[in-house]
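Here is a short tour of a protein with DNA and a metal site. Take a moment with the view, and then we can walk through the contacts together.

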Protein chains: 2
Amino acid sequence: MHKPENLKNAGLKSTLPRLKVLQLFETSKERHLSAEDVYKLLVSSGEVVSLATVYRVLTQFQQAGLLMQHHFESGKSVFELNSGEHHDHIVCLQCGHVEEFFDAAIEVRQEKAAVEHDFAIRDHALYIYADCTKKNCSRGSR
Amino acid sequence: MHKPENLKNAGLKSTLPRLKVLQLFETSKERHLSAEDVYKLLVSSGEVVSLATVYRVLTQFQQAGLLMQHHFESGKSVFELNSGEHHDHIVCLQCGHVEEFFDAAIEVRQEKAAVEHDFAIRDHALYIYADCTKKNCSRGSR
DNA sequence: TCGCGAATGATAATTGTTCTCATTTGAGAA
DNA sequence: TTCTCAAATGAGAACAATTATCATTCGCGA
Ligand SMILES: [Mn+2]
Ligand SMILES: [Mn+2]
Ligand SMILES: [Zn+2]
Ligand SMILES: [Zn+2]
């Protein structure tokens, strides 16, 4: 469970809070976590890390490329381990369940749209909001 | 400049603040406006409407289908007149300039992605973040 | 013209996030 | 090992965007 290497070669010194947050993302059942999610999960597992530090660490990890940050409509941003493979998201409006997908044709057409409008594309966010079909849906989480 | 009809058949009673906000969207040079934009534009044109009312009216208009609401990464949401024709957005990361585009192929593929994952699509948000090529770019607005 | 429920203004409260600063920590020097 | 000190953390204040509260005002039908 000790993985200072990951932090080291990301240019971040290995500290307890950072190791805890990184480990949480690597072991959590949920792949997409908000700062508050991270904070509460750590607290409820006995680990004590201040909320301010959680925010700082999440931002640092994102800048270091370890995490990806997304802005769902919920108002709070969520983070996930950077798999290196880009994907977009389908978010259930009822239960908050998130599915990931990738569509090469969409990616190509986005690039096309940017070029046609004389923009140099940097990034994009595609969120599909929908109703999922999970049997236990409709019980609002997130 | 008096158009109580629009409000009437949207199920909203015709009040001064509502008329002012609606008129602003119909005459503003900028198509996409945040609540603060609306508030400041009204104030600077001599009209007095409280910020709380601006927020309330924007929300009501959005629910009534008169306005569309978007959540750009800026942190504050922006509104625009609902043209009835869906489109997505390219946002300049430097100057905040916004271009609109529509790509039928993207729309089709989004629907496909939702269906494949057993979701009933409700809505979607596609924002392309990029650098525009306006000669007067780079002077941060919004 | 009246009356009353709906809308508004002023401002407090909330939410998510960032900042400040005193204290602690971890990685390398001695 | 122990020492040193810049970097990191914790606690809480500060912030920005938005929503809620509530006394006052307004629009519209009787
Ligand atoms: Mn994801
Ligand atoms: Mn638009
Ligand atoms: Zn669901
Ligand atoms: Zn620009």
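## Around DNA strand C

How many residues surround DNA strand C, and which are the closest? In this predicted model, 17 residues surround the strand. The closest are Y55(A) and K76(A) from chain A, with T15(B), T53(B) and R56(B) from chain B. Sugar and phosphate make up 73% of the atoms of DNA strand C that come within 4 Å of the protein.

By class, the surface near DNA strand C is made of 6 nonpolar, 6 polar and 5 charged residues.

## Polar contacts with the strand

Two side chains of chain B have an N or O atom by a phosphate oxygen of DNA strand C: for T15(B) the distance is 2.6 Å, and for R18(B) it is 3.1 Å. A base oxygen of DNA strand C, in turn, lies 3.4 Å from a polar side-chain atom of R56(A). If you like to think in elements, those giving two or more residues to this surface are α4 (51–64) of chain A, plus α2 (16–27) and α4 (51–63) of chain B.

## The manganese site

Now to the manganese ion (ligand 1). Its protein donors come from H32(A), E80(A), H87(A), H89(A) and E100(A), with E80(A) listed for two OE donors. The histidines each use NE2, and the donors lie 2.1 to 2.3 Å from the ion. Along the chain, they follow the spacing H-x47-E-x6-H-x1-H-x10-E.

Why is the arrangement irregular? The 6 donor atoms subtend angles of 56 to 167° around the manganese ion, which makes it so.

Are H87(A) and H89(A) buried or exposed? H87(A) counts as buried because its relative accessibility is 13%, and H89(A) is buried with a relative accessible area of 1%.

Technical notes:
Residues are numbered from 1 along each chain as its sequence is written. Chains are lettered from A and ligands numbered from 1 in the order in which they are written. This is a predicted model: local features need pLDDT of at least 70, side-chain atom pairs count only at pLDDT 80 or more; totals for chains, interfaces and linings use all residues. Side-chain values use heavy atoms; hydrogens and water are left out. A residue is near a molecule or strand if one of its heavy atoms lies within 4 Å of it. A polar contact is a pair of N or O atoms within 3.5 Å; within protein, one must be able to donate a hydrogen and the other to accept it, and residues adjacent in sequence count only if both atoms are side-chain atoms. Helices (H or I, at least four residues) and strands (E, at least two) are DSSP runs, numbered from the N terminus. Ala, Val, Leu, Ile, Met, Phe, Trp, Tyr, Cys and Pro count as nonpolar, Asp, Glu, Lys and Arg as charged, and the others, Gly among them, as polar. Donors are N, O and S atoms within 2.8 Å of the metal (3.2 Å for Na, K and Ca); water is not among the atoms, so sites may look incomplete. Four donors count as tetrahedral if all angles lie between 85 and 135 degrees; four count as square planar and six as octahedral if opposite donors are over 155 degrees apart and all others between 65 and 115; anything else is irregular. Buried means under 20% relative accessible area, exposed over 50%, partly exposed in between (1.4 Å probe, protein chains only).
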